[in-house]
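Biologist: Could you take me through one part of this model up close? I'd like to hear about the charged contacts and what sits around them.

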Amino acid sequence: KARSSKNFALPEEKVTKAKFRSLVQAANAYLRQHPHRLIRFDIISITAIPGKKPEYFFIEDVYFNN
């Protein structure tokens, strides 16, 4: 997720449960076709404010409870 300002929210805060649920559904469809694969969800948050060095924030192995 990327943002060009910090005015409204950090990029990682915009990865909602609904968006994550959509990713899980897509991953499940993929796994039905490729059952011997493993999937892990990571989030990379990039804040690229014009004129400043981009900021990166990495969240490894993301999991949401229902």
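Modeller: Sure, let's start with the charges: there are two salt bridges in the structure. Keep in mind that this is a predicted model, with a mean pLDDT of 84 for the protein chain and 89% of its residues at 70 or more.

One of the bridges runs between aspartate 42 and arginine 40, where the closest N and O atoms are 2.7 Å apart. The other brings the side chain of arginine 40 together with that of glutamate 60, at 3.3 Å from N to O. That second pair ties together parts that are 20 residues apart in sequence, because glutamate 60 lies in the segment after S3 while arginine 40 is in the loop between H1 and S2. With partners shared between the bridges, Arg40, Asp42 and Glu60 end up in one network. As for cover, arginine 40 is partly exposed, at 45% relative accessible area, and aspartate 42 is partly exposed too, at 32%.

Now look at phenylalanine 41, in that loop between H1 and strand S2 (43-47). A search of the whole structure turns up one aromatic pair, and here it is: the rings of phenylalanine 20 and phenylalanine 41 have centres 5.0 Å apart and planes at 65 degrees, so they meet edge-to-face. Phenylalanine 20 sits in helix H1, so this pair links parts 21 residues apart in sequence. Phenylalanine 20 is buried because its relative accessibility is 7%, under the 20% cut-off. Its helix, H1 (residues 17-33), has the highest mean pLDDT among the elements of the chain, at 91, whereas strand S1 (residues 2-3) has the lowest, at 70.

Back to the segment after S3, which also holds aspartate 61. The phi of aspartate 61 is near 55 degrees, a positive value in a residue other than glycine. For context, most residues other than glycine have a negative phi. Aspartate 61 is exposed, with 52% relative accessible area. Tyrosine 63 is in this segment as well, and it is exposed at 67%. The C-alpha atom of tyrosine 63 is 9.1 Å from that of aspartate 42, though the two residues are 21 apart along the chain.

One last stop is strand S3 itself, where you'll find phenylalanine 58. Phenylalanine 58 is partly exposed, at 47% relative accessibility. Together with Ile44 and Tyr56, Phe58 makes a nonpolar surface patch of about 340 Å².

Key. Residues are numbered from 1 along each chain as its sequence is written. This is a predicted model: local features need pLDDT of at least 70, side-chain atom pairs count only at pLDDT 80 or more; totals for chains, interfaces and linings use all residues. Side-chain values use heavy atoms; hydrogens and water are left out. pLDDT is the predictor's confidence in each residue, from 0 to 100. Helices (H or I, at least four residues) and strands (E, at least two) are DSSP runs, numbered from the N terminus. Buried means under 20% relative accessible area, exposed over 50%, partly exposed in between (1.4 Å probe, protein chains only). Rings of Phe, Tyr and Trp (its six-membered ring) pair if their centres lie within 6.5 Å; planes under 30 degrees apart count as stacked, over 60 as edge-to-face and the rest as tilted. Patches are made of residues with over 30% relative accessible area and no salt bridge: like charges are joined within 9 Å, nonpolar side chains (Val, Leu, Ile, Met, Phe, Trp, Tyr) within 5 Å. Accessible areas come from the Shrake-Rupley method with a 1.4 Å probe; for residues, only the protein chains shown count as cover. A salt bridge is a side-chain nitrogen of Lys or Arg within 4 Å of a carboxyl oxygen of Asp or Glu.
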